[in-house]
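Trainee: I should like to learn how to read the features of a structure. May we work through one together?

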Amino acid sequence: MGFFAGYVDTLGFIALFGLFTAHVTGNFVLLGASLADPGHIPSLLKILAFPAFIFGIACARLLVAACERRGAGAHRPSYLLQLALLTGFMVCGVLAEPVARDMSALAMAAGLFGAAAMGAHSAASKLLLAHLAPTSMMTGNVTQLVIDTVDRLRGAGDAATAARCSKFFWPLFGFALGCAGGAWLYLAFGFVALLVPLALLVLHLCMPSLESAA
């Protein structure tokens, strides 16, 4: 899932001229800059990406809450939600190609689907995989990994420190690989490259005993 997040984030950034599909910090920076200097107003898509991200989070939260009320597992429904939103990202993007800086309605729809998909992904990570490291928020992962690595190097680490290093390293490593893969494959194949993260979601849906394993 770390690979998934890095892949989708980078593909959206390259394909849609710097769109942050999951980087809420970046969206706050854009909004703050536009308030301070009206001459640097970001595109409508970049402004709408923030509420689209929030919409994805809200959908995931309501879906998980509904599953909890029924006593049903929420992992598969959450992956299906991400699959539907990411499919919208790919379909709208393919139909909008080639994407110009003066974006069409389909290109904007692609970006909003992408932001909503990453919002749902982030919420599912927080709600259903809280025992694991975050898969799309790398700032906190890097901070914790460096703290624990420094403690180990200075001889202050213990078994728990070593376990945390492993816990935070692998999502970070996967995210970095996903960033490289998303960039390279988008430049080679366009929005069709989103078939890779879609395949990852399908793979998770096909895993036996998903609820108990997670």
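The dialogue below concerns the core, one helix and the cysteines.

Mentor: This is a predicted model, in which local features need pLDDT of at least 70 and side-chain atom pairs count only at pLDDT 80 or more, while totals for chains, interfaces and linings use all residues. Residues are numbered from 1 along each chain as its sequence is written, and side-chain values use heavy atoms, without hydrogens and water.

Trainee: How many residues does the largest nonpolar core have?

Mentor: In soluble globular proteins, nonpolar side chains tend to be buried together. A nonpolar core is a set of buried Ala, Val, Leu, Ile, Met, Phe, Trp, Tyr and Cys residues joined through side-chain atoms within 4.5 Å; buried means under 20% relative accessible area, exposed over 50%, and partly exposed in between (1.4 Å probe, protein chains only). Here the largest core has 50 residues, and L11, L16, L86, F89 and F191 have the most contacts inside it. Helix 5 (105-128) is among the helices that each supply at least two residues, and it gives the most, with 11.

Trainee: Is helix 5 largely enclosed or open?

Mentor: Helices are DSSP runs (H or I, at least four residues), numbered from the N terminus. Of the 24 residues of helix 5, 17 are buried, so the helix is largely enclosed by the rest of the structure.

Trainee: Why does C59 form no disulfide with C67?

Mentor: A disulfide is a pair of cysteine sulfur atoms within 2.5 Å. The sulfur of C59 is 13 Å from the closest cysteine sulfur, in C67, which is too far for a bond. The structure holds 0 disulfides.
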